[in-house]
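Student: Could you take a close look at one helix for me, going through its length, its faces and its two ends with the criteria spelled out?

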Amino acid sequence: MIEDLHWNNYLELNDYLKNNNFNFDYFSTIQLIQWQYYGSKFRFHKLDQVVIFYIKIKEFKNWKLFNSFYMKGFNLEETIKVIKNDLNILNNDSDIEIIDFSFQSIKDWKLENYQLIQSNYISNYIYNLESFKTFSGKKMVKKRNHLNA
């Protein structure tokens, strides 16, 4: 079942990914929640061995494949079927379009017949995770001031 990512479920999902041996070393769902401030929307589909993320941003009308976390031994063919079905539900179109800043895990799948979509909108707002922990630096002045207000 495809679910919206929001403030009420991001911690539960984050803990689920951390505690169930997913390839989850470099990512946090709080990052996605923070990107929503800039108009991004995220949905996810939680399967037994895979969690698939989709993104919708202002410059595109359709949902795009964003990221996926998986356990060793997951079934890639079944996962691709689920992705195509999800995109058909979300967009009425099963073509796989991957956003250009998607993580390497998806790019390593060597998918056939997919399109890599470039996004100028969201790439301007990708920050180092360490910056969000400390809010240090010139780029973070507005966020730091907002929190301290």
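Tutor: Helix α3 (a DSSP run of H or I with at least four residues, numbered from the N terminus) comprises the 16 residues 76-91, and because the expected span is 1.5 Å times one less than the number of residues, it should span 22 Å, which agrees with the 22 Å between its end C-alpha atoms. This is a predicted model, in which local features need pLDDT of at least 70 and side-chain atom pairs count only at pLDDT 80 or more, whereas totals for chains, interfaces and linings use all residues. Residues are numbered from 1 along each chain as its sequence is written, and side-chain values use heavy atoms, with hydrogens and water left out.

Taking buried as under 20% relative accessible area and exposed as over 50%, with a 1.4 Å probe and protein chains only, the buried residues of α3 are Thr 79, Ile 80, Ile 83, Asp 86, Leu 87, Leu 90 and Asn 91. They cover an arc of only 125° around the axis, which puts them on the same side of α3, the arc being that of the directions from the helix axis to the C-beta atoms. An α-helix has 3.6 residues a turn, so residues three or four places apart point the same way. Glu 77, Lys 81 and Ile 89, on the other side of α3, are exposed.

As for the ends, the N-terminal one is capped by Asn 75, which has a side-chain oxygen 3.1 Å from the backbone nitrogen of Glu 77. After α3 comes Asn 92, with a positive phi near 60°.

Terms used:
Helix = DSSP H or I, 4+ residues; strand = E, 2+ residues; numbered from the N terminus. Polar contact = N/O pair within 3.5 Å; in protein donor to acceptor, adjacent residues only side chain to side chain.
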